Structure formats: structure tokens, C-alpha cells
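Me: I'd like a close look at a single part of this structure, one helix of your choice, please. Walk me through what surrounds it and how its side chains pair up, and then set it beside the rest of the chain.

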Amino acid sequence: MHHDTLLCLDIETMPDRQILPADWPAEKFPPPHCHQIVAISFVEAAIDRSSGVERYRVTECRSGGDLDYDEERLIRGFWKHFARTLPRVVTWNGRGFDLPVLRLRAMVYGVPVPAWFQTGDKWNGYTQRYQPDFNCDLMEQVADYGASQRIGLQDIADLIGLPGKIGGHGSEVADMMARGELEKVRAYCESDVLTLYAAYVRWALLTGRTDPAGHNASVDSLVECLVRERANRPHLGTFLDLWQASTRPAPMHVPIQRPALVAEPPHLPSEHVL
């Protein structure tokens, strides 16, 4: 199956106090079923294969739903969009957290998600851990499924010159929500998916899914989106400014090697021509 859409996805949550035990230690991260979703953010891009390799054309970067959406409406909207587009899903630790939470909270509200479980076949599908064309957990890919030490998305951001987290941290979401700062939570979540998209494009270059020209075109597509949206959503402009100011070796574009010129054979006098 060839996917037409790339969906770089991140969620923000806070503890579900009706489920989380009252004596749960504050410093201990709750298991997936004890989380309530407050934001679902994504970068969505069309996958273009016309050049022989993949290029990604960003169509939008946003958070799902409106500010007045409750959790059930967010979840129904996400899974409806997923079933309609059947995208290649890209996450960071999504197999360990984001997707289990999205599925478990769908169970809470009785939302069926057959497209996740029934698309593909025995060897190719969203439930297959080793099939990144359907569900790419970029953390697992970078760590070779645990053969290497797992690192965080901020580590990748620091490595290649991305801004990374802007305006908060996951551990602060519950307090931000208590203060009524949902817009700030959504902006923070969107900065994560911007980082995720750019990191995925660099990984696609590393693995041969794209080439240097495709990489740079995919980055430029995101930049165009950020420029277009920055007036109404200042955090996108902040991300772009910090990204462009990076001093890492290749924070945005990578070099494109030009083919070497083939020298003309020397012209031989006629008496030397066989």
C-alpha cells in the first residue's frame, strides 16, 4: 500500500483523576490508561513520488478541533480523519504512549477504530511494529528498536539544529490546563510536531526514502507554511526564527552534490585514428 499522506502526530495529556489512584506518586509517570487527552497536534503533508523518491508537501500544521472541544469530540474527530486519509503515521515514542492512549481513550467513549486494526495484511499494517511505512515510531527507528540507547526528541533537535520544545514541557500540562491555558498547551504541542516533521525528513534522507533535493524541498515546504501562518500564530514564527538562527552544520538544508563533468576525450590527429 502506498500512502498519499504523511501525518506527524503528538498528543498532550493530563492525569485522569477518576482512574489514577489517589496515592499515585507525583514524580512517577502514570500508565497510558490513566491519561486524559487535552490536545492532538499534527503536521500533515502530501507524499509526492513523481521524482522517483519521496518528497513531502506540507498542507497544514495545527491542533485538532476548536478550543471548546471536549476529549470525546477530539478523539472522534481524530479517528474519523485517520480513517478517511489512512496516512503514514509518524510519532516519537508513539507506540509506547501516544497511540495506546488514543486507542484506550477511544474505548472509554465507545469509538470504533477498525481502520487502525484492519488496514493492510498480516505483514503490512499499522499494528506491525517493524513496518515504518504504516506507523513510524521515529524513536524506535533511531534506536534500532532498542539495540541502541533510546533518546528524546529534544536530543534529536539539539543534534541537527532544531528549536525543539517551545513554551512548556509535558510535565507542566496539567498546571497549564488548571490555569485555563489550553491555547498555550496547543502551541507547545505544535512545536513538538514541527520538530518531529523536520526530524523525519532528515531520517528519510538518511534511509534513502528521499534524496538531498527532496529533503530540501520538504524543508522548504514547512518553511512556507510557517511564514504563511506566523502572523496569526506567533509560536510558528518563533520556531522558524530559532531554526534559521541555528549554528549546527546543516540545520535546514543539506548539500546537493552535483554530478562531476565528464571530460571530453582528447582529439587525435587523423593519422592516429584507427
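Reply:
**Helix H1 and its surroundings**

Happy to. This is a predicted model, so let's start with confidence: the mean pLDDT of the protein chain is 93, and 93% of its residues reach 70 or more. Among the elements, the highest mean pLDDT, 98, belongs to strand S4, and the lowest, 88, to helix H6 (residues 173-178). Keep S4 in mind, as this strand is one of the elements that cover the part I have picked.

That part is helix H1, which runs over residues 71-85. A first check is its length. With 15 residues at 1.5 Å a residue, H1 should span 21 Å, and its end C-alpha atoms are indeed 21 Å apart, so expectation and model agree. Just after the helix comes leucine 86, whose phi is positive, near 45 degrees.

Now for the sides of the helix. Which residues of H1 are buried? They are Glu71, Leu74, Ile75, Phe78, Trp79, His81 and Phe82. These residues cover an arc of only 160 degrees around the axis, and therefore they sit on the same side of H1. There is a simple reason for such spacing: an α-helix has 3.6 residues a turn, so residues three or four places apart point the same way. On the other side of H1, Lys80 and Arg84 are exposed.

What covers the buried residues? The cover includes three strands, S1 (5-15), S2 (35-48) and S4 (88-91), together with two helices, H2 (94-109) and H3 (114-118).

The aromatic residues of H1 deserve a closer look. The count for the structure comes to 13 aromatic pairs. In one of them, the rings of phenylalanine 78 and phenylalanine 82 have centres 6.5 Å apart and planes at 25 degrees, so this pair is stacked. Phenylalanine 78 and phenylalanine 82 are four residues apart in helix H1, which means about one helical turn separates them. Phenylalanine 78 counts as buried because its relative accessibility is 9%, and phenylalanine 82 is buried too, with a relative accessible area of 1%.

Elsewhere in the chain you can find another kind of aromatic pair: tyrosine 200 and tryptophan 203 are tilted, 5.5 Å centre to centre, with 45 degrees between the planes. Both of these residues lie in helix H7 (residues 182-206), three residues apart, or about one turn of the helix. Tyrosine 200 and tryptophan 203 are both buried.

Back in H1, the aromatic side chains belong to a wider group. Phe78, Trp79 and Phe82 form one aromatic cluster with Trp116, Tyr126 and Phe134.

Next, the charges. A search of the whole structure finds 14 salt bridges. One of them lies within H1, where the side chains of arginine 76 and glutamate 72 meet at 3.0 Å, N to O. These two are four residues apart in the helix, which again means about one helical turn between them. Neither partner is buried: arginine 76 is partly exposed because its relative accessibility is 38%, and glutamate 72 is partly exposed at 28%.

Contrast that with the salt bridge between arginine 105 and aspartate 16, also 3.0 Å, N to O. This pair links distant parts of the chain, with arginine 105 in helix H2 and aspartate 16 in the loop between S1 and S2, 89 residues apart. Here both partners are buried: arginine 105 has a relative accessible area of 4%, while aspartate 16 has a relative accessibility of 9%.

A third example joins arginine 129 and glutamate 140, with the closest N and O atoms 2.8 Å apart. Arginine 129 is in the loop between H3 and strand S5 (135-137), and glutamate 140 is in helix H4 (residues 138-142), eleven residues away. Arginine 129 is partly exposed at 32%, whereas glutamate 140 is buried at 8%. The network that brings us back to H1 is another one: salt bridges with shared partners join Asp16, Glu71 and Arg105. Glu71 is one of the buried residues of H1.

For comparison, try helix H8 (residues 212-229). Its 18 residues should span 26 Å, and its end C-alpha atoms are 26 Å apart, which agrees. Buried residues of H8 include Gly214, His215, Val219, Leu222 and Leu226. Strand S3 (55-63), H7 and helix H9 (234-244) are among the elements that cover the buried residues of H8.

Key. Residues are numbered from 1 along each chain as its sequence is written. This is a predicted model: local features need pLDDT of at least 70, side-chain atom pairs count only at pLDDT 80 or more; totals for chains, interfaces and linings use all residues. Side-chain values use heavy atoms; hydrogens and water are left out. The expected span of a helix is 1.5 Å times one less than its number of residues. Buried means under 20% relative accessible area, exposed over 50%, partly exposed in between (1.4 Å probe, protein chains only). The arc is that of the directions from the helix axis to the C-beta atoms. Contact means heavy atoms within 4.5 Å. Rings of Phe, Tyr and Trp (its six-membered ring) pair if their centres lie within 6.5 Å; planes under 30 degrees apart count as stacked, over 60 as edge-to-face and the rest as tilted. pLDDT is the predictor's confidence in each residue, from 0 to 100. A salt bridge is a side-chain nitrogen of Lys or Arg within 4 Å of a carboxyl oxygen of Asp or Glu.
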